[in-house]
Amino acid sequence: VIDLVVQDGRALGAVALHLETGQAVTIAAGATVIATGGLTGLYHRNSASANMGGDGFAMALRAGAELIDMEFVQFFPIGHLAPRLIGMDPIMWDPFRYKLGGRLLNGEMQEFTQNYGAAEDGKYLVTRDTATYAIFKEVEAGRGSPHGGAWLSFEHIPETDLRAAFGPVIDRLTNNGIDLTRMPIEVSPIAHYHMGGLRVNDALETSIKNLFAAGEAVGGANGANRLSGNAITEAFVFGELAGRLAAATSEEVKDVSDAATPFLAVLEETACRPEGGANPAEAIAELQAIMQRDVGPFRTNEGLRRALAAIDQMAADLPSMATGGS
Ligand SMILES: Cc1cc2nc3c(=O)[nH]c(=O)nc-3n(C[C@H](O)[C@H](O)[C@H](O)COP(=O)(O)OP(=O)(O)OC[C@H]3O[C@@H](n4cnc5c(N)ncnc54)[C@H](O)[C@@H]3O)c2cc1C
């Protein structure tokens with residue numbers, strides 16, 4: 001889905017690109033629920049799966065809806081960093097820490113969270129934000145692990161305990177060349193969840209009539225941070241409610257072709273742009289690098305201004321971007 005079709009303050013559906021044929025299509029909808037998740041894919045280091053690039057926020061904003069708390073991104077402190085790990089979740093070390101503790105070490109192989117108000121002594125006690133803060137500060141002080149994070153070690157835990165807790169997962173780690181009894185792994189804070197998003201009322205409706213939102217796309221349910229485990233519950237509870245309320249207020253829309261004409265024209269033009277100009281994959285990587293450097297957990301006025309200027313420049317370059325069409 002590329003854009004929402006809104007006319008006279010009312011959502012009428014969406015414009016989308018049919019991925020198999022590359023054709024632009026319109027979707028007429030009596031009510032629309034934005035459930036496109038968060039935006040953590042905008043960061044170089046992230047736990048995002050495909051499509052977590054904030055599309056829903058962008059299309060809602062273009063349509064005139066309001067966003068709130070967009071500055072609140074939760075960073076998961078011990079995302080996998082190195083060595084290379086294929087086919088496994090980058091936040092997989094969380095259950096390891098819940099069950100087995102593990103030692104979080106700086107580049108000098110010293111435990112350090114006690115210097116930031118959270119002594120652990122081999123247990124998992126430190127909160128996500130404190131751990132993120134502590135790891136960033138250690139890296140900043142030149143005490144990071146080789147790839148710019150921290151070490152996480154389970155070497156002191158007997159192999160039988162590791163196997164009892166994680167059986168087949170240990171084999172998958174072995175296939176990745178990781179033997180936890182003999183080596184620490186490197187971890188680093190990664191963008192994980194977005195607390196901000198669309199502003200909705202009690203009926204989960206945005207400021208645009210018949211445009212609803214649910215799940216991580218909604219802003220404000222968690223405040224500036226989120227308790228681990230709340231997000232799926234939130235998505236289920238508010239998702240069900242948004243669906244019901246949207247269905248109840250749905251108004252018949254037979255055809256959005258006319259209302260969608262301006263959106264379709266942009267889409268057709270973009271999809272047909274020949275090779276040459278900026279490369280989309282490189283542009284995404286550049287955006288992720290900007291976000292990682294200047295819009296991470298530590299932000300300064302100077303860094304945010306630098307990021308804004310760089311993103312403005314990228315936006316100005318967009319019209320020359322190749323989309324591979326013919
Ligand atoms: C690795 C990981 C582990 C997590 N573990 C937990 C946990 O243990 N407990 C917990 O409570 N929370 C957890 N979370 C958070 C939780 O999973 C998410 O907040 C929740 O799944 C959000 O649900 P959602 O339906 O709002 O969005 P999503 O599940 O992100 O779904 C959004 C959907 O929209 C689609 N989409 C996006 N843009 C477009 C577009 N332009 N056109 C068409 N489709 C689009 C996406 O493809 C996706 O299918 C975890 C998150 C991650 C990344």
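Helices here are DSSP runs of at least four residues, numbered from the N terminus. With that in hand, let's walk through this model, which is a predicted one, starting from the ligand.

The shell around the ligand draws its largest share from α5, which gives four residues. That helix covers 230–249, and along with α1 (55–63) and β9 (185–194) it belongs to the elements that each supply at least two shell residues. If you sort the shell by chemistry, you get nine nonpolar residues, eight polar ones and four charged ones. Altogether 21 residues surround the ligand, and the ones that come nearest are Val1, Asn51, Asp55, Glu216 and Ile232.

Now zoom in on the polar contacts. On one side there's Asp55, where an N or O atom of the side chain is 2.8 Å from a nitrogen atom of the ligand. The backbone joins in too: a polar backbone atom of Ala231 is 3.0 Å from a ligand oxygen, and a backbone N or O atom of Ile232 is 2.8 Å from an oxygen atom of the ligand. As for how covered the ligand ends up, it would expose 1,000 Å² taken alone, and the protein buries 67% of that. The space it takes is the second largest pocket.

Next, pull back to the annotation. An unreviewed UniProt entry lists residues 2–231 as "domain: FAD-dependent oxidoreductase 2 FAD-binding". In the model, that span is 21% helix and 24% strand, and its end C-alpha atoms sit 25 Å apart.

Finally, have a look at the backbone itself. Most residues other than glycine have a negative phi, and most peptide bonds are trans. Two spots here are worth checking against that. Asp69 isn't a glycine, yet its phi is positive, at about 55°. You'll find Asp69 in the loop between β5 (67–68) and β6. The other spot is the peptide bond joining Ala82 and Pro83, which is cis, with omega about 0°. Pro83 lies in the loop that runs between β6 (73–82) and α2 (93–100).

Key. Residues numbered from 1 in each chain as written. Predicted model: local features only at pLDDT ≥ 70, side-chain atom pairs only at ≥ 80, totals over all residues. Heavy atoms only, no water. UniProt positions renumbered as here; feature names shortened; annotations may be inferred. Near = heavy atom within 4 Å. Polar contact = N/O pair within 3.5 Å; in protein donor to acceptor, adjacent residues only side chain to side chain. Areas by Shrake-Rupley, 256 points an atom, 1.4 Å probe, with all protein chains shown as cover. 1 Å grid on protein atoms, 1.4 Å probe; cavity = no way out; pocket = protein on both sides within 12 Å on 5 of 7 lines; lining within 4 Å. Sits in = over half its atoms within 2 Å of the grid points. Nonpolar A, V, L, I, M, F, W, Y, C, P; charged D, E, K, R; others polar.
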